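Colleague: I would like a close look at the aromatic contacts in this model, with some remarks on the backbone and side chains elsewhere. Please take the rings first.

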Amino acid sequence: MVDLPAGAAVRLDRGHPQAVLADLVHGERAGGVRVPAGSAGAALRHARANRRRGAEHAPSRDGARGVTLRVIRVLAPNPSVATLEGTNTWVVGDGPTIVIDPGPAMDGHLEEVARAAGRVAHVLVTHDHEDHAAGAVAFARLVAANVTAWRLPEAVKLHDGNRFAASGVELIALHTPGHSTDHVVFSDPGSGALFTGDAVLGRGTSFIDERDGDLARYLASLRRMLERDPRTIYPGHGPVVLDAKAKLREYLEHRAEREEQILAGLAAGDRTVDALVERIYAEHPSDVRELAARSVTAHLRKLETEGRVAKTGRIDERTWTIVEPKACARCGRPVKGRARYCGSCSLALLQGDTAGSA
């Protein structure tokens, strides 16, 4: 284990060895400590020695909340455009521990996590994508613990508001659909820590799952996380985020900006997802275009639900156009979608007020 001074953060380099174990402590976060390539083996040996000796690390206090939180990251060896350096598996507490997102079904990685975690009280999964959950059941068997997830075969069913306690830490499950229907984040109110899975990444932005993701729900989930007054984000991929609220606001602003770019592209004559991607992501590398197309499609589906755009044609020949707003048949104000009346007039008519109705 790499012991970091109070206030230190860990930045993992691209091409890092299979796993790096590090204590991440809350406190005055000035600067960071770079973990050099090749240190994983030494870190693991140190972790084992500490565990055998029952060594305790000097506590670090979070100046704002007066709470100590001990977190270890084990990086899975599955780097890609979507996973960045790889999947972050988080070990929380100092025995018994809580393990969040055991990661892919890679025996070496699961064994590294088991050694870092020691005695495990809970195995939690943020969502069922393979890079986070494929190894969860096997890992739970390895450490003789239950795995809890929103939807995962052989797992205990997770519910919004469930609490998981171990070694002085209590994590609260918050259902945060959007990236996927089953997505959950875990909050530690005492320290302000938020374990965000794929809802918020340490670098870049998250994509919306084409199977069951939903951008409108995702934006609501970002706002819900912001309302928790988080301090630090431990993401499913990428580095730790030390200003959680700034990152969440950045994500909301980014989505609003992207929506305006899509509407501007449609107004300029772009009609397909490919054309919009070509316009909006012209300066981005080609290997992100597939994820970019997913993002644009998610925005278009949201706009379609709101009645602001319409699609025509088959899936492989689909085109999109802006829908000009209609006027309320009662008062003349703009209405969304196919509604005949605006919200105020609909309510008035339901209450029996027919004055001025068409």
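Are phenylalanine 164 and phenylalanine 186 buried or exposed?

Modeller: Phenylalanine 164 and phenylalanine 186 are both buried (under 20% relative accessible area; exposed is over 50% and partly exposed is in between, with a 1.4 Å probe and protein chains only). The model is predicted, so local features need pLDDT of at least 70 and side-chain atom pairs 80 or more, while totals for chains, interfaces and linings use all residues. Residues are numbered from 1 along each chain as its sequence is written, and side-chain values use heavy atoms, without hydrogens or water.

To place these two phenylalanines, begin with the whole structure, where a search finds four aromatic pairs (rings of Phe, Tyr or Trp, the last by its six-membered ring, with centres within 6.5 Å; planes under 30 degrees apart are stacked, over 60 edge-to-face, the rest tilted). One of them joins tryptophan 90 and phenylalanine 195 in an edge-to-face arrangement, with 6.3 Å from centre to centre and 65° between the planes. Tryptophan 90 belongs to strand β5, residues 88–92, and phenylalanine 195 to strand β13, residues 193–197, so this pair ties together parts that are 105 residues apart in sequence (strands are DSSP runs of E, at least two residues, and helices runs of H or I, at least four, numbered from the N terminus). Tryptophan 90 counts as buried because its relative accessible area is 2%. Phenylalanine 195 has 0% relative accessibility, so it is buried.

The pair you asked about, phenylalanine 164 with phenylalanine 186, is edge-to-face too, at 6.3 Å centre to centre and with 75° between the planes. This pair links distant parts of the chain, phenylalanine 164 in strand β10 (residues 163–166) and phenylalanine 186 in strand β12 (residues 184–188), which are 22 residues apart.

Beyond the pairs, Trp90 and Phe195 share one aromatic cluster with Tyr234. Another ring has a charged neighbour: arginine 294 lies over the face of phenylalanine 207, 4.8 Å from the ring centre (NZ of Lys or CZ of Arg within 6 Å of the centre and within 35 degrees of the ring normal). A further phenylalanine, at position 139, has its C-alpha atom 8.1 Å from that of glutamate 111, with the two positions 28 residues apart along the chain. Glutamate 111 sits in helix α2, residues 107–117. Its relative accessibility is 39%, so glutamate 111 is partly exposed.

The backbone has some particular spots. From glycine 95 to proline 96 the peptide bond is cis, with omega near -5°. Proline 96 lies in the loop that joins β5, the strand of tryptophan 90, to β6 (97–100). After strand β10, in the loop that leads to β11 (169–175), comes serine 167. Serine 167 is not a glycine, yet its phi is positive, about 45°. Because its relative accessibility is 34%, serine 167 counts as partly exposed.

Alanine 144 also has a positive phi without being a glycine, here about 55°. The loop between α4 (136–143) and β8 (147–149) holds alanine 144. With a relative accessible area of 70%, alanine 144 is exposed, whereas phenylalanine 164 and phenylalanine 186 are buried.
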